[in-house]
2 protein chains.
Amino acid sequence: MPQALVVLSGGQDSTTCLYWAIARFGKEQVTTLTFDYGQRHRVELDCARRVADFAGVSNTVLPIDTFAALGGNALTESAVAVKQTVDAQTQLPNTFVPGRNLIFLTFAAAFAYPRNIRDLVGGMAQTDYSGYPDCREDTLQALQQALRLGLEFPVTLHTPLMFKSKRETVEMARDLGALEALAYTHTCYNGQRPPCGRCPACVLRAKGFAEAGLADPLLTSTAAG
Amino acid sequence: MPQALVVLSGGQDSTTCLYWAIARFGKEQVTTLTFDYGQRHRVELDCARRVADFAGVSNTVLPIDTFAALGGNALTESAVAVKQTVDAQTQLPNTFVPGRNLIFLTFAAAFAYPRNIRDLVGGMAQTDYSGYPDCREDTLQALQQALRLGLEFPVTLHTPLMFKSKRETVEMARDLGALEALAYTHTCYNGQRPPCGRCPACVLRAKGFAEAGLADPLLTSTAAG
């Protein structure tokens, strides 16, 4: 039975975290969990599977139909266009699913519990991001406490990217030997492969690679696309 | 827009909490949320709707398909018989869905957030129960903190039954004028109406009414069944 569970979205950050977990716990001790929550870009699920295959770890997909039923956000409703602006009232981008990371991590803990997996790993970071409050350190500390009490299980939430800039995350991927795997990842908010290069997610990713002085394998590798 | 959201399972406790919320916030300020998580006893969903109708408040059903995918427990898998014993390893009854109440309340908060509903009400209690750790006060305090931080929203989790015995809960229902509504509720682990009278849930419910010296309207009212 593995010891660590990585919540793998198929993106750059969770892929980097997967390699962090492999370096820390050993490949045989790592498994991955991906959520199919009705994301508009189904390519994310393919990316997660391809990343896990490339890294040589297993991948389980769990469905969550509740977000689509809650409705009203751009990541699950195709009729809602992705705006590059923030909501005037909440100051959050309209890709925000309230509490999404709380749900992901709680389901991850529920998956981990019967398997006696005590180390959960996620790509949340409170730097350089869109201001999602459920990615912040204090939120995740409170959630870890709720999970430990609510499951009576000594789960630890690891967020190795929490205080890293995008540049530092790229450098970490390089140091962990994860760059090649990043060719299989997906970032673009518009769901395009090759990426659109213009949406906030593409711009942020490009900035990180540029500042680290590295080429993005998603743009250069023959494995991408 | 309502001010308070009651998580309504269709059972005795959440129905009592609905009447608590109506007394505290006023009927016009209360709405209810029920989760369709693949429970084996679909009658619970009908009970929730009938309770809400009887009380004169609205009821929304949100689907959660993830518990069934997580698998392995008696409430969602018809092949798993309800045991009256506890799991030897965890000391929890095998009706336990790990973190179920954490998920319910987090989805309730995600539902409440865009509606600016700041008061969530649930029937969790740490007395007289089966030892579910996600029903305990300390767990829910930690969860409230995680929700407040993760949503940047001043949500309050109300659990008016937290420290009440079943007897006290029945007396509270009487004092709130909720007894008649309890005829529409569902408790039996075996999904029977009229209830089986033998499963742990039926036994616990009967004990509460007996100790309060009241008849259970589920057994006596013509509205039941």
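Let us begin with what counts as touching here: two residues are in contact if their C-beta atoms, placed from the backbone, lie within 7 Å. With that in hand, we can walk through this predicted model, starting where chain A and chain B meet.

By that criterion, chain A brings 33 residues to the contact, and chain B brings 33 residues as well. Looking at chain B's side, four elements each supply at least two residues: strand E3 (58-63), helix H3 (66-70), helix H4 (100-112) and helix H5 (137-151). Of these, H5(B) gives the most, with ten residues. Sorted by class, the side of chain B that touches chain A has 21 nonpolar residues, along with seven polar and five charged ones.

How do the two chains sit relative to one another? In general, two copies of a chain are related by a rotation about an axis and a shift along it. In this model, a turn of 180 degrees with a shift of 0.0 Å along the axis lays chain B on chain A with an RMSD of 0.0 Å. That is the relation of a two-fold axis. Both copies use the same surface, since 100% of the contact residues of chain B recur in chain A.

Now for confidence. For the complex, the predictor gives an ipTM of 0.88 and a pTM of 0.89. Chain A has a mean pLDDT of 87, and 85% of its residues reach 70 or more. Residues 77-95 of chain A, however, have a pLDDT below 50, although this stretch has 27 contacts in the model beyond near neighbours in sequence. Where pLDDT is low, the predicted coordinates should not be read in detail.

Notes:
Residues are numbered from 1 along each chain as its sequence is written. Chains are lettered from A and ligands numbered from 1 in the order in which they are written. This is a predicted model: local features need pLDDT of at least 70, side-chain atom pairs count only at pLDDT 80 or more; totals for chains, interfaces and linings use all residues. Ala, Val, Leu, Ile, Met, Phe, Trp, Tyr, Cys and Pro count as nonpolar, Asp, Glu, Lys and Arg as charged, and the others, Gly among them, as polar. pLDDT is the predictor's confidence in each residue, from 0 to 100. Copies are superposed by least squares on the C-alpha atoms of residues with pLDDT of at least 70 in both.
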